[in-house]
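Reader: I've got the coordinates loaded and a few things I'd like to ask. Can you take me through them?

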Amino acid sequence: MSKTTPHSQQNVAATIRFLDAVRQRVATVVVGQDVVVERLLIALFTGGHILMQGVPGIAKTLLAATLSKAIDLQFARVQFTIDLLPSDILGSEVLDQRTNTFQVLKGPIFTNLLLADEINRAAPKVQGALLEAMQERKVTIGKESFKLPAPFLVIATQNPIEQAGTFELPEAQLDRFMLCHRLQYLPKHDEKEVLRRNLMLGVRREAKGAIARTEFDAISDSPVGTQEDLISAMEAVHHVHVSDAFLDHVVEILDRTRKHPAIALGCSPRAGIAMLKASRARALIHGRDFVVPDDLFALAEDCLLHRMRLSYEALADGKTTASVLEELLTEVGASKSALAKA
Amino acid sequence: MRALAALLFATACLAQEPVRTTIGIPALVTGVVLEGSEFEPIETTLKSPIVLRIEHMQKHGTANRYALQFTGMEAGQYDLATFLRRKDRSDNGAMPKIPVVIEAVRDDSQHEPNALQPMKARDVGGYARTMWLLGGAWAIGLLAILFAFRKKKAAPAAILRKATLADRLRPAVARAIDGSLDSEGRAELERLLLSVWRVRLSLQDVPVREAIVLLRAHEEAGELLRALDQWLHAKSPQPVDVEALLRPYSKIEDEGGGAA
């Protein structure tokens, strides 16, 4: 661990306490998924948005709901379907018959944490409306513009298996997501723990009836941190030091994505910015006030993979973007410039 | 007056070289302007030296313009005007000369046609050979292109084969020790050192994000990485003896990583 300045040391220590509390709270409801929690926190701390790709039933919604309650954030969930309209998310103007004037009815996007479930099921115009709001952080309803609440984080999900009747997000829109995390099934011991906890949920009495309790009932309503803690953490991220050597690593990797023969579309400068922001937040989460190559390699897949497009030849050869990125990262130690100097 | 002008014009035209042809080969005399009523060829007999016919006729003021086709039967110089007469059988009057020359290909004593000269027959067929030649040229062209392409690629490939990880690391370490390594070079040195340890611990096939965690956990590699963190990345770095840190790598030999 490095020495830190008193100001940043205080910030880092406070943030670590806050993070530990959040993690513990999430762990009481969600089993495993430490990496996903880390990625969500990175997105939250950096003001980026995250796209989670994974099959249904791996606690994506539960995780977002738990996180929002742990930090006292407003949470909304929108299930994207083919017949969804932009106004269903953004809001619309409705006629108030008493006053004979139009009143603005704000949509579910006016929240801190928005879970856009199965974003690829909605029509492109709905996706476009959401992604525009994500970038501009404001929404125009009728003739009036409204700022979205701060912090504002979109957690979008995509099911990578069922592609029928879906509208795949194009690269330009995927680029708006700072991170794209691919969720995996839990390890066996964690999955066993999920089942064990589910056995203990029991039944909740309601009025004269009873309902079987779900994991959502296990989420505590009392937050472990405030929005002020979150703002402190966001400020602490900006005090994390990024060395010139680290910048060179980032530039080298970005450059390689653009020159690799198997890649038709390499990463944009926005990918590099996302990588830097995410690395800073990860460093803070790991208790450091400076970034190291570990952050870069850990986040490369989430920051870069969704921004790369393979060439037809590479696809015909059976390559995947993940395998090409891994190959690219493996070769980073043997850069061509090093060869030339040697 | 106009008739005189037409006669002078016709005379001027026909004062040119006489039209020449050989026996039996038709020839044409055009632009013959003859004043007065319409002309026609006189009857041809078996002994006529020239067979004449009017190819075309059109009005030319008060005169007529003729295109005369003639075929010579006997060699000699003739005046085609003598082979014309007016259709109305009136007097021909003053007519310009229409000189023509009929030449003989054979001597007068030769009555048989010229003997055929033997000549080499044209090469018939040869399509297969042509295709083979074209195919060969195409193949040679293709090989030339491929050969030239490989030749260009051969140079960097040769360097890649020769430059091992150790070869690239040594000069970078030397520059780092003497303090002449810039920021980009330091970043590259760090990546090379990571590669060296991945090779040493046989972690080439492990994903990089997992390999670096394993390297951190390794006693010697972890110590190196932590020192590099302080030297290259830390916000408030602790003093690092770069020379002592990198000296073990200054004379490093290839450890099987090759040009990984």
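**Strands, cores and cysteines**

Author: Sure, and keep in mind that this is a predicted model. Let's start in chain B, where β6(B) and strand β8 (residues 99-103) pair in the antiparallel sense over four bridges.

Reader: OK, so which residue in β8(B) does Y78(B) stand opposite?

Author: Strands of a sheet pair through backbone hydrogen bonds, parallel or antiparallel. β6(B) and β8(B) take the antiparallel option. Opposite Y78(B), in β8(B), you'll find V100(B).

Reader: And which are the edge strands of the sheet in chain B?

Author: That sheet is open, has three strands with mixed pairing, and runs in the order β1-β8-β6. Its neighbouring strands are turned by 25 degrees against each other on average, ignoring direction. An edge strand here pairs on one side only, and that picks out β1 (19-22) and β6 (76-79) of chain B.

Reader: Over in chain A, which residue of the hairpin of β3(A) and β4(A) takes a positive phi?

Author: Strand β3 (residues 91-96) and strand β4 (residues 101-106) of chain A run antiparallel, joined by six bridges. One pairing to click on is S92(A), whose bridge partner in β4(A) is L105(A). Four residues sit between the strands, and the positive phi, near 60 degrees, belongs to N100(A).

Reader: How many disulfides does a search of the whole structure find?

Author: A disulfide is a covalent bond between the sulfur atoms of two cysteines. Take C267(A): its closest cysteine sulfur is in C303(A), 9.2 Å away, so that's too far for a bond. The cut-off is 2.5 Å. Over all chains, the count of disulfides is zero.

Reader: Is C303(A) buried or exposed?

Author: Buried means under 20% relative accessible area. C267(A) meets that at 2%. C303(A) has 0% relative accessibility, so it counts as buried.

Reader: Which residues does L246(B) contact, leaving aside neighbours within four places in sequence?

Author: Nonpolar side chains tend to be buried together in soluble globular proteins. The largest nonpolar core has 100 residues, and L246(B) is one of those that touch the most other members, along with L44(A), F45(A), I71(A), I155(A), L304(A) and L189(B). With the sequence neighbours set aside, the contacts of L246(B) are V173(B), A176(B), I177(B), L189(B), L193(B) and W231(B).

Reader: How many residues are in the other core that lies apart from it?

Author: The largest core takes in 100 residues. The other core includes L84(A), I119(A), L174(A) and C180(A), and its residue count is 30.

Definitions and conventions. Residues numbered from 1 in each chain as written. Chains lettered and ligands numbered in written order. Predicted model: local features only at pLDDT ≥ 70, side-chain atom pairs only at ≥ 80, totals over all residues. Heavy atoms only, no water. Buried < 20%, exposed > 50% of the residue type's maximum accessible area, 1.4 Å probe, protein only. Core = buried A, V, L, I, M, F, W, Y, C linked by side-chain atoms within 4.5 Å. Contact = heavy atoms within 4.5 Å. Pairing = 2+ DSSP bridges. Helix = DSSP H or I, 4+ residues; strand = E, 2+ residues; numbered from the N terminus. Axes fitted to C-alpha atoms, helices over the stretch in contact; angles between N-to-C directions.
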